[in-house]
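Ready for a few warm-up exercises on a protein model? Have a look at the picture first, then work through the tasks at your own pace.

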Amino acid sequence: MSQNKTCWQCQATNKPTALFCENKVCSVIQPIPSELNFFHLLEAGKGDNKQNPNFDIDLKSLRRRFLALQQKAHPDSYSNAHKGYKLSEEDSLTDPELLMEVMELREELEEVANEGELQVVKEKNDEKFKETIERLQTAFDKEDYAQAKELAIELQYWSSIQNAIHEWHP
């Protein structure tokens, strides 16, 4: 295998075969080197040479290693990780004008009677969704994470309306 690699997030030095940053504070998933084989990744060999190809695979160990990697790499494993700004489903809009705008669009959707009316509501919501995404990108570019959090909350509302539009039927 090649020389040590640097973590893309924290710049820590890691073994070339590290799947996760070895810095315990970071622990993010690392790019997998092309020369890494499945025996090494899943430690599928037997005995002391678990990382080398072997016809006689320890299936119990293989399954245990696979499930451990799956759990470590699963997005839910990061849901409670410290990210600087916590965002939860209980967060709501703080801007009363924006909240009124969301509620009005929701009411319009509830009153839709046909596909034509639905299209009008969809276009309004699509525009708000696109606008919010653009503002969110700008906030991230400026590293204004407080604003990004507010916009992420706003995006949840437009996304909710988007889902309701997709589920609409006469």
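Below are five exercises, each with a worked solution.

This is a predicted model, where local features need pLDDT of at least 70, side-chain atom pairs count only at pLDDT 80 or more, and totals for chains, interfaces and linings use all residues. Residues are numbered from 1 along each chain as its sequence is written, and side-chain values use heavy atoms, with hydrogens and water left out.

**Exercise 1. Get an overview of the protein chain.**

Step 1: Count the elements. The protein chain has five helices and two strands; helices (H or I, at least four residues) and strands (E, at least two) are DSSP runs, numbered from the N terminus.

Step 2: Read along the sequence, and you get β-β-α-α-α-α-α.

Step 3: Check what is hidden. Of the 170 residues, 26% are buried. Buried means under 20% relative accessible area, exposed means over 50%, and partly exposed is in between, using a 1.4 Å probe and protein chains only.

Step 4: Look at contacts (heavy atoms within 4.5 Å). Among those with a separation of 6 or more, 40% join residues 24 or more positions apart.

**Exercise 2. Check the lengths of helix 4 and helix 5.**

Step 1: Find the rule. The expected span is 1.5 Å times one less than the number of residues.

Step 2: Try helix 4. Its 27 residues reach 38 Å from first C-alpha to last, close to the expected 39 Å.

Step 3: Now helix 5 (residues 145-167). Its 23 residues should span 33 Å, and the end C-alpha atoms sit 32 Å apart, which agrees.

**Exercise 3. Work out which residues of helix 4 are buried, and what they pack against.**

Step 1: List them. Leu118, Val121, Asn125, Thr132, Leu136 and Ala139 are the buried ones in helix 4.

Step 2: Recall some helix geometry. An α-helix has 3.6 residues a turn, so residues three or four places apart point the same way.

Step 3: Find the partners. The buried residues of helix 4 pack against helix 3 and helix 5.

Step 4: Turn to helix 5. Its buried residues include Leu151, Trp158, Ile161 and Ile165, and their cover includes helix 3 (96-110) and helix 4.

**Exercise 4. Compare the surroundings of Val121 and Asn125.**

Step 1: Place Val121. It's in helix 4 and counts as buried because its relative accessibility is 2%.

Step 2: List its contacts. Leaving aside neighbours within four places in sequence, Val121 touches Leu105, Glu108, Leu109, Val112 and Ile165. The C-alpha atoms of Val121 and Ile161 are 9.4 Å apart, though 40 residues separate them along the chain.

Step 3: Do likewise for Asn125. It lies in helix 4 (residues 115-141) and is buried because its relative accessible area is 0%.

Step 4: With neighbours within four places left out again, Asn125 is in contact with Leu105, Trp158, Ile161, Gln162 and Ile165.

**Exercise 5. Decide whether Met100 and Ser61 are buried or partly exposed.**

Step 1: Start with Met100, found in helix 3. Met100 is partly exposed because its relative accessible area is 43%.

Step 2: Move to Ser61 in helix 2 (residues 59-73). Ser61 counts as buried because its relative accessibility is 14%.

Step 3: Finish with a distance. Ser61 and Ala44 are 7.1 Å apart, C-alpha to C-alpha, and 17 residues apart in sequence.
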